[in-house]
Protein chains: 2
Amino acid sequence: MKAPPRISEAEWKVMRVLWEEHPRTASQVAQALGPQAAWTDRTVKTLLARLVKKGVLSTESDGKRYLYEPAVSREACVAAEGRSFVARVFDGSASPLLLHFVKRSRLTRGEIEELRRILEEKEPRG
Amino acid sequence: MKAPPRISEAEWKVMRVLWEEHPRTASQVAQALGPQAAWTDRTVKTLLARLVKKGVLSTESDGKRYLYEPAVSREACVAAEGRSFVARVFDGSASPLLLHFVKRSRLTRGEIEELRRILEEKEPRG
DNA sequence: TAGTCTTGATTACAGCCGTAGTCAATGGCC
DNA sequence: GGCCATTGACTACGGCTGTAATCAAGACTA
């Protein structure tokens with residue numbers, strides 16, 4: 001698992017289905033994406049090829065076709081994308097981001113409880 | 001203040017200095033960006049022009065030059081970018097995002113307290 | 001065996017992005 | 001009044017993105 005390169009919006013959709021279950025063939029991916037992304041299978045193929053080229057997916061030959069599989073963990077990509085997002089929008093500081101999202105998200109009671117519990121256990125900085 | 005269009009990474013840097021203080025001329029913006037963004041003033045001009053074209057900045061003539069000023073609030077842009085980010089990475093659900101960032105950010109005692117307080121007051125969904 | 005379906009490879013193409021360069025007008029300095 | 005610095009307008013250009021189309025080769029089918 002190597003460091004994640006930049007993954008575009010459309011590519012994220014593809015990666016999400018592959019993180020969820022892998023390996024999958026191109027057409028299985030297209031099918032899994034299904035109605036949500038109104039793409040032809042041509043388009044899905046293109047995205048898969050780009051992701052392979054970027055090193056985010058790896059392939060294994062299965063007869064004449066490929067089985068696609070993540071080569072970078074979801075966690076690593078989420079973390080990288082998160083850092084970039086926080087840097088861009090919140091100038092690198094996570095706390096305003098948390099305030100922003102805590103304030104404006106609708107959370108279930110369970111989610112609120114869990115967040116509070118994690119915060120409670122959290123080691124303060126400095 | 002209209003709905004925010006897509007703002008690129010470099011454009012965010014420009015917008016941040018203008019949200020912080022406005023109006024500013026192009027060269028003031030370039031100066032405020034200063035060493036952080038190693039751009040020529042040509043580049044800053046281009047970015048300003050693009051932002052004006054997108055409607056994120058408005059201009060006012062001041063003699064032969066422009067004074068640039070945000071036409072969209074920072075809050076609106078942050079919210080839009082946040083929605084897009086959550087959709088892309090967390091499949092639209094804010095709670096995993098919060099868990100992710102709460103777990104991996106280093107927060108001061110005060111920040112932790114504030115988050116807990118906000119969570120406490122928060123109305124659960126459903 | 002000839003046609004058809006599937007699948008990867010290659011190519012397309014417009015629009016956005018990062019990063020400028022060039023040009024022309026304008027205002028200030030000498 | 002003429003030259004220089006500043007500034008906006010326009011142009012550039014390669015790379016990434018979204019969204020495919022075309023091509024070619026193997027696999028399946030009648």
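A salt bridge is taken here as a side-chain nitrogen of Lys or Arg within 4 Å of a carboxyl oxygen of Asp or Glu. By this criterion the structure, which is a predicted model, holds 18 salt bridges over all chains. One of them is formed by the side chains of Glu75(B) and Arg104(A), which meet at 3.1 Å, N to O. Because Glu75(B) lies in helix H4 of chain B and Arg104(A) in helix H5 (residues 94-104) of chain A, this pair joins two chains. Between chain B and chain A the count is 12 salt bridges, and a further pairing of side chains, that of Glu120(A) with Arg116(B), is a salt bridge with an N to O distance of 3.5 Å.

The two protein chains are related by symmetry. Chain B is superposed on chain A by a rotation of 180 degrees with 0.1 Å of shift along the rotation axis, and the RMSD of this superposition is 0.2 Å. Such a relation is that of a two-fold axis. The same surface serves both copies, in that 100% of the contact residues of chain B recur in chain A. Of the residues of chain B, Arg116(B) comes closest to the rotation axis, with its C-alpha at 2.8 Å; Arg116(B) is also the residue whose side chain meets that of Glu120(A) in a salt bridge.

The contact between the protein chains takes 45 residues from chain B and 45 residues from chain A. Together, chain B and chain A bury about 4,800 Å², of which 65% is on carbon and sulfur atoms. Within the area that chain B buries against chain A, Arg88(B), Leu119(B) and Arg125(B) supply 15%, more than any other three residues. Polar contact across the interface of chain B and chain A is found for 24 residue pairs in which both residues have pLDDT 80 or more. On the side of chain B that touches chain A, two or more residues are given by each of four elements of chain B, namely helix H1 (9-20), helix H4 (74-90), helix H5 (94-104) and helix H6 (109-121). The largest share of this side, 13 residues, comes from H4(B), the helix in which Glu75(B) lies. When the residues on the side of chain B that touches chain A are divided by class, 20 are nonpolar, six are polar and 19 are charged.

Both protein chains also contribute to the surroundings of the DNA. Around DNA strand C there are 22 residues, of which Lys64(A), Ser8(B), Trp39(B), Thr43(B) and Thr46(B) come nearest. Sugar and phosphate account for 52% of the atoms of this strand that come within 4 Å of the protein. At least two residues of the surface near DNA strand C are supplied by each of helix H2 (26-33), helix H3 (41-54) and strand E2 (65-70) of chain A, and by each of H1 and helix H3 (41-54) of chain B. The most is given by H3(B), with five residues. By class, the surface near DNA strand C has six nonpolar, five polar and 11 charged residues. Individual polar approaches to this strand reach several kinds of atom: a backbone N or O atom of Tyr66(A) lies 2.9 Å from a phosphate oxygen, a polar side-chain atom of Thr43(B) lies 2.8 Å from a sugar or linking oxygen, and an N or O atom in the side chain of Arg42(A) is 3.3 Å from a base oxygen.

Around DNA strand D there are 23 residues, and those that come nearest are Ser8(A), Thr46(A), Arg50(A), Lys45(B) and Lys64(B). Of the atoms of DNA strand D within 4 Å of the protein, 49% belong to sugar or phosphate, while the rest belong to bases. The elements that each supply at least two residues of the surface near DNA strand D are helix H1 (9-20) and H3 of chain A, together with helix H2 (26-33), H3 and strand E2 (65-70) of chain B. The most is given by H3(A), with six residues. The residues of the surface near DNA strand D divide into seven nonpolar, five polar and 11 charged. Bases of this strand are approached by side chains from both protein chains: a polar side-chain atom of Thr46(A) lies 2.7 Å from a base nitrogen, an N or O atom in the side chain of Arg50(A) is 2.8 Å from a base nitrogen, and an N or O atom in the side chain of Arg42(B) is 3.4 Å from a base oxygen.

How values were computed. Residues are numbered from 1 along each chain as its sequence is written. Chains are lettered from A and ligands numbered from 1 in the order in which they are written. This is a predicted model: local features need pLDDT of at least 70, side-chain atom pairs count only at pLDDT 80 or more; totals for chains, interfaces and linings use all residues. Side-chain values use heavy atoms; hydrogens and water are left out. Contact means heavy atoms within 4.5 Å. Buried area is the accessible area (1.4 Å probe) that two parts lose on being put together, summed over both. A polar contact is a pair of N or O atoms within 3.5 Å; within protein, one must be able to donate a hydrogen and the other to accept it, and residues adjacent in sequence count only if both atoms are side-chain atoms. Ala, Val, Leu, Ile, Met, Phe, Trp, Tyr, Cys and Pro count as nonpolar, Asp, Glu, Lys and Arg as charged, and the others, Gly among them, as polar. A residue is near a molecule or strand if one of its heavy atoms lies within 4 Å of it. Copies are superposed by least squares on the C-alpha atoms of residues with pLDDT of at least 70 in both.
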